Amino acid sequence: MSFFRRKKEQAVPKKETETVWIKAPLTGQAVGLAEVPDPAFAEKMMGEGIAIIPEQGKVTAPFDGKIVNLMKSKHAVIIEHASGVQALIHVGVDTVSLKGEGFTAHVQEGDSVTAGQLLLEFDSALIRGRELPDITSIIIPHGLDAVGEITEYPGQVTAGQENVLAVKVN
């Protein structure tokens with residue numbers, strides 16, 4: 001018989017993995033990035049994500065967060081969740097060439113936003129009239145420590161309603 005009893009090992013509670021749900025920032029048809037006619041997006045060089053073929057020219061916040069980057073030409077915005085997950089919303093392909101024409105920003109860098117809040121408006125007819133696609137990519141950029149597994153949810157979506165991406169937080 002031993003005078004020293006071994007302490008039972010304390011079970012360390014396993015941390016529950018958080019999931020950041022990315023709501024559709026536009027109304028339209030959510031499709032895989034392979035549908036985007038730009039290799040930087042289609043080949044996922046910038047990150048994982050999904051694209052939406054828009055039915056209207058309004059981009060809303062996919063989650064509560066902060067605007068960390070608004071492109072000078074207003075064709076793209078990056079929003080950051082409190083977990084550190086970021087989402088780049090990039091309207092169209094080669095739309096930077098429009099130099100802001102046809103785009104209206106309703107936010108500025110540093111703004112706190114809530115899910116569903118209007119971020120950008122764009123003129124699809126003008127974009128398509130310049131023979132540019134208006135397909136909009138929603139990208140979770142490579143290199144974010146907070147990002148784990150990403151799941152896509154394609155199909156018909158309404159802005160602020162359906163989830164288009166689920167991002168597991170590390």
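Begin by selecting strand S5 (residues 65-70) and strand S9 (residues 112-113), which pair in the antiparallel sense over two bridges. The model on display is a predicted one. Within this pairing, centre the view on Gly 65, which stands opposite Val 113 in S9.

Keep S5 selected and add strand S6 (residues 76-80). S5 and S6 are also antiparallel, and four bridges join them. Here Asn 69 of S5 faces Ile 78 in S6. Follow the chain through the turn of this hairpin: five residues lie between the strands, and Lys 74 takes a positive phi near 60°.

**The three-stranded sheet**

Next, select strands S1, S14 and S12. They form an open sheet in the order S1-S14-S12, with antiparallel pairing. Strand S1 (19-23) and strand S12 (147-152) stand at the edges; each has a single partner strand, so one side of each is left without a neighbour in the sheet. From one strand to the next, the twist averages 20°.

Restrict the selection to S1 and S14, an antiparallel pair joined by five bridges. Val 20 can be picked out opposite Val 167 in S14.

Now move to Leu 165, which lies in strand S14. Is this residue buried or exposed? Leu 165 has 0% relative accessibility and therefore counts as buried, the cut-off for burial being under 20% relative accessible area. Displaying the surroundings of Leu 165, and leaving out residues up to four places away in sequence, shows that it touches Val 20, Trp 21, Ile 22, Gly 49, Ile 50, Ile 138, Ile 140, Ile 150, Thr 151, Glu 152 and Tyr 153. For Tyr 153, a distance label may be added: Leu 165 and Tyr 153 are 12 residues apart in sequence and 5.9 Å apart in space, C-alpha to C-alpha.

**The nonpolar cores**

From Leu 165, step to Ile 22. Beyond its neighbours within four places in sequence, Ile 22 is in contact with Pro 62, Phe 63, Ile 138, Ile 140, Glu 162, Asn 163, Val 164, Leu 165 and Val 167.

Widen the selection to the largest nonpolar core, which has 37 residues. Which of its residues touch the most other members? They are Ile 22, Ile 52, Val 59, Val 85, Leu 119, Ile 140 and Val 164. Colouring by strand brings out S14 (residues 163-169), which gives the most to this core, with four residues. Apart from it lies another core, of 11 residues; to find this one, select Val 36, Phe 41, Ala 51 and Ala 76, which are among its members. As a general tendency, nonpolar side chains are buried together in soluble globular proteins.

**The salt bridges**

Turn next to the charged side chains. The model has five salt bridges. Select Lys 44, Glu 48 and Glu 152, which are linked in a network of salt bridges. Between Lys 44 and Glu 48, the closest N and O atoms are 3.3 Å apart. Lys 44 is partly exposed, with a relative accessible area of 28%, and Glu 48 likewise counts as partly exposed at 28% relative accessibility.

The other link to display in this network is the salt bridge between the side chains of Glu 152 and Lys 44, at 3.6 Å, N to O. This pair links distant parts of the chain: Glu 152 belongs to strand S12, while Lys 44 sits in the loop between helix H1 (39-42) and strand S3 (47-54), 108 residues apart. Glu 152 is partly exposed, at 29% relative accessible area.

Now select Glu 101 and Arg 130, whose side chains meet in a salt bridge of 2.8 Å, N to O. They too come from distant parts of the chain, 29 residues apart: Glu 101 is in the loop between strand S7 (86-91) and strand S8 (103-105), and Arg 130 is in the loop between helix H2 (124-129) and strand S11 (136-141). Glu 101 is partly exposed, with a relative accessible area of 36%; Arg 130 is partly exposed as well, at 41%.

**A buried acidic residue**

End the tour at Asp 134, found in the loop between H2 and S11. With a relative accessible area of 8%, Asp 134 is buried. Show its side chain together with that of Ser 124: a polar contact of 3.0 Å joins the two. Neighbours within four places in sequence aside, the contacts of Asp 134 are Pro 54, Gly 92, Ser 124, Ile 127 and Arg 128.

Conventions:
Residues numbered from 1 in each chain as written. Predicted model: local features only at pLDDT ≥ 70, side-chain atom pairs only at ≥ 80, totals over all residues. Heavy atoms only, no water. Core = buried A, V, L, I, M, F, W, Y, C linked by side-chain atoms within 4.5 Å. Buried < 20%, exposed > 50% of the residue type's maximum accessible area, 1.4 Å probe, protein only. Contact = heavy atoms within 4.5 Å. Pairing = 2+ DSSP bridges. Axes fitted to C-alpha atoms, helices over the stretch in contact; angles between N-to-C directions. Salt bridge = Lys/Arg side-chain N within 4 Å of Asp/Glu carboxyl O. Polar contact = N/O pair within 3.5 Å; in protein donor to acceptor, adjacent residues only side chain to side chain.
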